[in-house]
Amino acid sequence: MPRLTNLGHVFRLTRAGFVLAREGAFIDLDPSTLPPLAHLPLFLANLLARRNAHGFSGLAAAIDRLGPSYVKLGQFLATRPDIVGPRVAIELEKLQDRMAPADRAAAVAALEAAFGAPIDSLFVEFGEPVAAASIAQVHKARVRDAAGERDVAVKLLRPGVERRFARDLSDMFYAARSAERFEPRLRRLRLVEVVETLARSVKVEMDFRLEAAAASEFAENLADDPGFRAPKIDWDRTTRAALTMEWIDGTPLSDPARLAELGFDAPKLGRALIQSFLRHALHDGFFHADMHQGNFFVDAEGRIVAIDFGIMGRLGRKERRFLAEILYGFIRRDYRRVAEVHFEAGYVPATHRVEDFAQAIRAVGEPIHARTADQISMAKLLTLLFEITGLFDMSTRLELVMLQKTMVVVEGVARKLDPHLDMWATAEPVVGGWIAENLGPRGRLEDVGGALAQLGRMLIDAPERLERLARRLEADDDWRAGRPTEPPRRGIAIPAALWAIAGILLLIVYHFS
């Protein structure tokens with residue numbers, strides 16, 4: 001049976017390789033960068049390429065042909081230039097997660113199976129699909145409750161998608177394990193971990209209860225934002241395989257001409273989109289990470305409305321401080337401070353000199369400041385910065401890579417609304433305000449409070465933890481001496497350790513005061 005399974009993996013992976021080869025996806029690969037075992041397969045693959053193949057530029061088309069699982073893999077690898085290289089990552093960013101929808105009858109059957117109830121008991125009306133992607137498709141429907149009738153959007157797991165993804169992910173695991181087994185040098189890329197991360201991501205994305213929770217949390221964060229909102233979730237009609245939310249009637253941000261016809265200020269909307277994204281990332285540490293223009297509408301009141309919360313990003317306080325300080329440092333042209341932030345965060349090893357790193361960062365910042373306002377790209381700035389940090393052994397931070405990729409997309413959407421958008425002037429109030437609030441006196445007091453609370457919890461747990469440690473040490477001494485173990489005696493170790501912790505606490509308070 002395992003042999004038959006392996007044959008299935010080989011057959012399907014061979015087909016995938018053939019599709020990629022026909023589109024010329026391997027033409028631009030440099031054989032000298034590959035293991036010797038790969039030279040002959042690469043030569044044969046390039047013989048299969050079409051005459052008009054264009055190398056890496058045909059990669060997105062080939063992956064589209066391979067189906068939804070490979071599209072997801074490609075989109076994920078677009079965030080990992082450390083694995084596929086910057087040129088391939090740029091090409092993979094072109095992948096669009098769009099698929100032909102399943103028909104209404106299949107959707108109704110899947111919906112009834114998800115709820116265990118007939119469709120008529122759930123919805124007054126249930127229409128044809130209005131959009132479809134690799135994992136789900138969306139239908140417009142109508143519900144009736146105590147408040148009356150209202151339109152809703154129903155996001156439904158595509159019929160058969162779980163089985164298809166399980167099979168393709170199994171193939172990918174087989175390919176990753178085989179590559180690491182036959183070529184040990186590939187282990188540094190951690191290919192199996194890449195597939196495991198993709199599998200976890202897909203598993204989460206296929207549970208619509210989690211997306212509903214993300215949308216709900218995002219909406220709570222927007223409660224005081226007059227210009228940005230998220231649709232309400234219908235929890236009574238939401239399960240693992242189906243998500244029901246408020247239907248949004250609005251004009252898509254992808255149609256600037258229509259927005260202008262309706263009297264909306266497109267440049268103002270572009271600035272609002274950028275500032276909202278930065279507020280979500282910095283203030284909340286929770287941002288929409290799939291900000292292409294199809295996921296945003298403008299309602300009748302002029303508010304931007306977000307949809308599709310399957311991909312969200314999170315930043316801890318440390319990452320938010322890092323982001324704010326480097327952006328503000330570039331705005332102020334304080335390159336030494338930008339360099340110091342990298343060292344303080346522990347992202348760049350102390351084996352390098354701050355002065356050398358600041359000089360390299362200046363090479364990124366000065367050319368940008370020499371340009372006119374509408375030529376400055378904050379996303380390009382972060383891209384160049386990550387390239388420079390790679391020279392100084394900064395390890396890849398996946399949450400920051402996701403942020404950078406999202407910023408590329410959101411900046412592109414904003415520039416379609418305002419081709420002359422001044423990124424620095426737009427970002428400065430949000431970034432500067434966050435720094436004043438969080439890195440000024442109030443922020444330092446909050447840091448002290450957080451440190452005291454954490455140390456307080458440590459002090460409460462310390463006696464029990466230290467007693468367990470003392471018991472283990474005494475048992476170990478008895479075992480080494482060949483004596484039968486006895487209950488440990490409490491010595492001076494515990495009080496001494498508590499005094500040491502108290503001393504550390506006082507030093508921290510003194511440092512922050």
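## Close-up views of a predicted model

**View 1. The bridge between Phe228 and Ile304.** Phe228 has Ile304 of E9 as its bridge partner. The model shown here and in the other views is predicted. Strand E9 covers residues 304-306 and runs parallel to E4, to which two bridges join it.

**View 2. The open sheet that contains E4 and E9.** Four strands make up this open sheet, in the order E4-E9-E8-E6, and the pairing is mixed. The edges are taken by strand E4 (228-229) and strand E6 (251-252). Each of these two has a single partner strand, so one side of E4 and one side of E6 have no neighbour in the sheet. At the E4 edge, the partner strand is E9, and the two strands run parallel.

**View 3. The open sheet E1-E2-E3-E5.** Another open sheet consists of four strands in the order E1-E2-E3-E5, with antiparallel pairing. Strand E1 (125-132) and E5 are the edge strands, and each pairs on one side only. On average, neighbouring strands of this sheet are turned by 30 degrees against each other, direction ignored.

**View 4. The hairpin of E2 and E3.** Strand E2 spans residues 136-145 and strand E3 spans residues 148-157; they pair in the antiparallel sense over 10 bridges. Two residues form the connection in the hairpin that joins E2 to E3. Within this pair of strands, Val143 stands opposite Arg150 of E3.

**View 5. The pairing of E3 with the edge strand E5.** Strand E5 (residues 242-246) pairs with E3 over five bridges, in the antiparallel sense. Two positions along this pairing can be followed by residue. Leu156 has Ala242 of E5 opposite to it, and Val154 has Thr244 of E5 as its bridge partner. E5 is an edge strand of its sheet and pairs on one side only.

**View 6. A nonpolar surface patch that includes Leu47.** Four residues, Leu40, Phe43, Leu44 and Leu47, make a nonpolar surface patch of about 440 Å². Leu47 lies in helix H2, which covers residues 39-47. The relative accessible area of Leu47 is 58%. Leu47 therefore counts as exposed, the cut-off for this class being over 50%. A residue of a patch needs over 30% relative accessible area, and Leu47, at 58%, is one of the residues in the patch.

Notes: Residues are numbered from 1 along each chain as its sequence is written. This is a predicted model: local features need pLDDT of at least 70, side-chain atom pairs count only at pLDDT 80 or more; totals for chains, interfaces and linings use all residues. Side-chain values use heavy atoms; hydrogens and water are left out. Patches are made of residues with over 30% relative accessible area and no salt bridge: like charges are joined within 9 Å, nonpolar side chains (Val, Leu, Ile, Met, Phe, Trp, Tyr) within 5 Å. Accessible areas come from the Shrake-Rupley method with a 1.4 Å probe; for residues, only the protein chains shown count as cover. A salt bridge is a side-chain nitrogen of Lys or Arg within 4 Å of a carboxyl oxygen of Asp or Glu. Buried means under 20% relative accessible area, exposed over 50%, partly exposed in between (1.4 Å probe, protein chains only). Two strands pair if DSSP finds at least two bridges between them. Axes are lines fitted to C-alpha atoms, for helices over the stretch in contact, and angles run from 0 to 180 degrees between N-to-C directions.
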